[in-house]
Amino acid sequence: MGAVQRQMLELVHRFGVMGVSHVHALARPEGNRERTRQLLSQLVEGGFLVALRTGLPDAGVVYRSASRGQRALDFSIQPTRMGPPLIPHALAVGTIAVQLLSESPGATWESEREIRSKMGKVDRKGPRLHVPDGVLVYPKGRRVAVEMDLTRKEAARVERIFDGLMANPGYAGVLWYAVSARHRELLIEQRRKWTFDPDPEKRAKAEAVIIQAWSW
């Protein structure tokens, strides 16, 4: 396994599931996307990755981490067993990660899997923190949580997620993407509640939440 393929393997293992376009954009190997596909296929043949057919437009085959890949990398993050229902969300997160990194030179990305692996034991007495879908880390250390909602969530769940993000002092802001216009309205309403909170710190955090539309 060469350095480029090792980088590809690391990317897929960190994200859990990725498409060819995601790996090509982030690993930036020499050659075109077809060359990237060939290198990924070699990793599948070697048992380092698993190829899954999705039937999704522009993502007929995606790649998932495997146990042999984890051992080769000596990663503490366990291979994912993500099934078909969760793959569209994982691909959407990968797409937004590629977009945000291309717009933010020098920034890095922490995946949900990486965040969870670093959390360790949760303090049950403290506030219940929410693990975002990813974190964009700027060169000077500013950390922005990223949430991706492909489906509409119930108001109570949105409130729990919002509260869990706001309770984390490590995030300077939140980028929250939602497909449904009705869901975006729900998010905006929840943000508005925090904006009028008597606690000035909570108000400042609410103002740093940016809600955006998302479409494939």
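**Close-up 1. Histidine 24 and its neighbours in the predicted model.** Histidine 24 sits in helix α2, which runs over residues 20-27. We're looking at a predicted model here, and that goes for every view below. The side chain of histidine 24 makes a polar contact of 2.6 Å with the side chain of threonine 36. Leaving aside residues up to four places away in sequence, histidine 24 touches Pro29, Gly31, Asn32, Arg33 and Thr36. Thr36, the partner in that polar contact, is one of the buried residues of α3, so it turns up again in the next view.

**Close-up 2. Helix α3 from end to end.** Helix α3 takes in residues 33-45, 13 residues in total. From first C-alpha to last, α3 reaches 18 Å, close to the 18 Å you'd expect at 1.5 Å a residue. Which residues of α3 are buried? They are Thr36, Leu39, Leu40 and Leu43. These residues cover an arc of only 100 degrees around the axis, which puts them on the same side of α3. That fits a familiar bit of helix geometry: with 3.6 residues a turn, residues three or four places apart in an α-helix point the same way. Now for the ends. At the start of α3, a side-chain oxygen of asparagine 32 comes to within 3.1 Å of the backbone nitrogen of glutamate 34. After α3 comes glycine 47, with a positive phi near 85 degrees.

**Close-up 3. A salt bridge along α3.** Stay on α3 and pick out arginine 37 and glutamate 34, which form a salt bridge with their closest N and O atoms 3.4 Å apart. Both residues lie in helix α3, 3 residues apart, about one turn of the helix. How accessible is arginine 37, in relative area? Arginine 37 comes out at 34%, so it counts as partly exposed. Glutamate 34 is also partly exposed, because its relative accessible area is 40%. Glutamate 34 is the residue whose backbone nitrogen is reached by the asparagine 32 side chain.

**Close-up 4. A salt bridge along α6.** Here the pair is arginine 116 and glutamate 112, with 3.1 Å between the closest N and O atoms of their salt bridge. Both belong to helix α6 (residues 112-119), and they're 4 residues apart, about one turn of the helix. Glutamate 112 is partly exposed, with a relative accessible area of 26%. Across the whole structure, a search finds 7 salt bridges.

**Close-up 5. Aspartate 149, with a lysine and a histidine as partners.** Aspartate 149 is found in strand β6, which spans residues 143-149. Buried or exposed, then? Aspartate 149 has a relative accessible area of 1%, so it's buried. Its side chain meets that of lysine 153 in a salt bridge, 2.5 Å from N to O. Lysine 153 is buried too, at a relative accessible area of 12%. Side chains of opposite charge can pair when their charged atoms come close. Aspartate 149 also has a polar contact of 2.7 Å with the side chain of histidine 183. Not counting residues up to four places away in sequence, aspartate 149 touches Trp176, Tyr177, Ala178, Val179 and His183.

**Close-up 6. Phenylalanine 15 stacked on tryptophan 109.** The model has 4 aromatic pairs by count. In one of them, the ring centres of phenylalanine 15 and tryptophan 109 are 6.5 Å apart and the planes make an angle of 5 degrees, so the pair is stacked. Phenylalanine 15 lies in helix α1 (residues 3-15) and tryptophan 109 in strand β4 (residues 108-111), so the pair ties together parts that are 94 residues apart in sequence. Both phenylalanine 15 and tryptophan 109 are buried.

**Close-up 7. Phenylalanine 162, tryptophan 176 and their ring cluster.** The rings of phenylalanine 162 and tryptophan 176 are stacked as well, because their centres are 5.8 Å apart and their planes at 20 degrees. What parts does this pair tie together? Phenylalanine 162 is in helix α7 (residues 155-166) and tryptophan 176 in strand β7 (residues 173-178), so the linked parts are 14 residues apart in sequence. Phenylalanine 162 counts as buried, at 0% relative accessibility. Tryptophan 176 is buried as well, with a relative accessible area of 1%. Ring pairs join Phe162, Trp176 and Trp194 into a cluster. If Trp176 rings a bell, that's from Close-up 5, where it's among the residues touched by aspartate 149.

How values were computed
Residues are numbered from 1 along each chain as its sequence is written. This is a predicted model: local features need pLDDT of at least 70, side-chain atom pairs count only at pLDDT 80 or more; totals for chains, interfaces and linings use all residues. Side-chain values use heavy atoms; hydrogens and water are left out. Helices (H or I, at least four residues) and strands (E, at least two) are DSSP runs, numbered from the N terminus. Buried means under 20% relative accessible area, exposed over 50%, partly exposed in between (1.4 Å probe, protein chains only). A polar contact is a pair of N or O atoms within 3.5 Å; within protein, one must be able to donate a hydrogen and the other to accept it, and residues adjacent in sequence count only if both atoms are side-chain atoms. Contact means heavy atoms within 4.5 Å. The expected span of a helix is 1.5 Å times one less than its number of residues. The arc is that of the directions from the helix axis to the C-beta atoms. A salt bridge is a side-chain nitrogen of Lys or Arg within 4 Å of a carboxyl oxygen of Asp or Glu. Rings of Phe, Tyr and Trp (its six-membered ring) pair if their centres lie within 6.5 Å; planes under 30 degrees apart count as stacked, over 60 as edge-to-face and the rest as tilted.
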